[in-house]
Amino acid sequence: MTLPNQKDEPKSTVTKESMLVKSNLKGDWPNIFLLLLLYIMQGIPLGIVTVIPMLLQSKQNVTYKEQALFSIVVWPFSLKLLWAPLVDALYIQKIGRRKSWLIPVQFLMGMYILFLYYIFSTKNIESVSL
């Protein structure tokens, strides 16, 4: 028996079967792998930046001035707060918001690391003037 003031509440559309359905990541695995790979590659320069000062300290002829000059390498990571809004605002819709800047930046960092390898493999570290 229902009272005249009582309204019928709509029935919930959530069923036991709909709660057990798993999300399908079939088409997303390549994107997840690419993003994971890009973020791992982004961490490589940070690791190199932390290791090189320790290597420079082990050398007897590297001055404190040269070690301090190497700290300029960290500036792009420090300036990330300033350029992040610009990077988030400009993107290629076909590629996606995050991959539009990750792919070119990772490519440029890789090219720069290869360039540095070429420079330092042909010369001694002591002969490079900072």
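Reader: In which helix of this model does Gln-42 lie?

Author: Gln-42 lies in helix H2, and, before going further, please keep in mind that the model is predicted.

Reader: Why is Gln-42 called buried?

Author: A residue counts as buried when its relative accessible area is under 20%. Gln-42 has a relative accessible area of 16%, so the value falls under the cut-off and the residue is called buried.

Reader: Which residues is Gln-42 in contact with, once its neighbours within four places in sequence are left aside?

Author: With those neighbours left aside, Gln-42 is in contact with Lys-80, Leu-102, Gln-106 and Met-109. A contact here requires heavy atoms within 4.5 Å. Of these partners, Leu-102 and Gln-106 are themselves among the buried residues of H6.

Reader: What makes Val-49 a buried residue, and where does it lie?

Author: Val-49 also belongs to helix H2, and its relative accessible area is 14%. Because buried means under 20%, that value places Val-49 in the buried class.

Reader: What does Val-49 touch, not counting residues up to four places away in sequence?

Author: Val-49 touches Phe-70, Val-73 and Val-74 when residues up to four places away are not counted. For the pair Val-49 and Phe-70, which are 21 residues apart along the chain, the C-alpha atoms are separated by 8.8 Å.

Reader: Which residues of H2 are buried, and what do they pack against?

Author: In H2 the buried residues are Leu-38, Gln-42, Pro-45, Val-49 and Leu-56. They pack against helix H3 (64-69), helix H4 (75-78), helix H5 (80-89) and helix H6 (99-122).

Reader: Is Leu-37 buried, exposed or partly exposed, and how do you know?

Author: Leu-37 is found in helix H2 as well, but its relative accessible area is 36%. Since buried means under 20% and exposed means over 50%, the value lies in between, and therefore Leu-37 is called partly exposed.

Reader: What makes the nonpolar surface patch that includes Leu-37?

Author: The patch, of about 500 Å², is made by Phe-33, Leu-37, Met-41, Ile-44, Ile-48 and Ile-113. Its largest share, five residues, comes from helix H2, which covers residues 29-58. A residue in such a patch needs over 30% relative accessible area, and Leu-37, at 36%, is over that cut-off.

Reader: How do you know that the length of H2 agrees with what is expected of a helix?

Author: The expected span is 1.5 Å times one less than the number of residues. For the 30 residues of H2 this gives 44 Å, and because the end C-alpha atoms are 44 Å apart, the two values agree.

Reader: What span is expected for H6, and how far apart are its end C-alpha atoms?

Author: The 24 residues of H6 should span 34 Å, and the end C-alpha atoms are 34 Å apart, so here too the distance agrees with the expectation. The buried residues of H6 are Lys-99, Ser-100, Trp-101, Leu-102 and Gln-106, and what covers them includes H2 and H5.

Reader: Where does UniProt place the feature "transmembrane region"?

Author: An unreviewed UniProt entry places this feature at residues 32-56, 68-89 and 101-120. In the model, residues 101-120 are 100% helix and 0% strand, with end C-alpha atoms 28 Å apart, whereas residues 68-89 are 73% helix and 0% strand, with end C-alpha atoms 34 Å apart.

Reader: How many helices and strands are there in the protein, and what percentage of its residues count as buried?

Author: The protein has six helices and zero strands, and 12% of its 130 residues count as buried.

Key
Residues are numbered from 1 along each chain as its sequence is written. This is a predicted model: local features need pLDDT of at least 70, side-chain atom pairs count only at pLDDT 80 or more; totals for chains, interfaces and linings use all residues. Side-chain values use heavy atoms; hydrogens and water are left out. Helices (H or I, at least four residues) and strands (E, at least two) are DSSP runs, numbered from the N terminus. Buried means under 20% relative accessible area, exposed over 50%, partly exposed in between (1.4 Å probe, protein chains only). UniProt positions are given in the numbering used here, feature names are shortened, and annotations may be inferred rather than shown by experiment. Patches are made of residues with over 30% relative accessible area and no salt bridge: like charges are joined within 9 Å, nonpolar side chains (Val, Leu, Ile, Met, Phe, Trp, Tyr) within 5 Å. Accessible areas come from the Shrake-Rupley method with a 1.4 Å probe; for residues, only the protein chains shown count as cover. A salt bridge is a side-chain nitrogen of Lys or Arg within 4 Å of a carboxyl oxygen of Asp or Glu.
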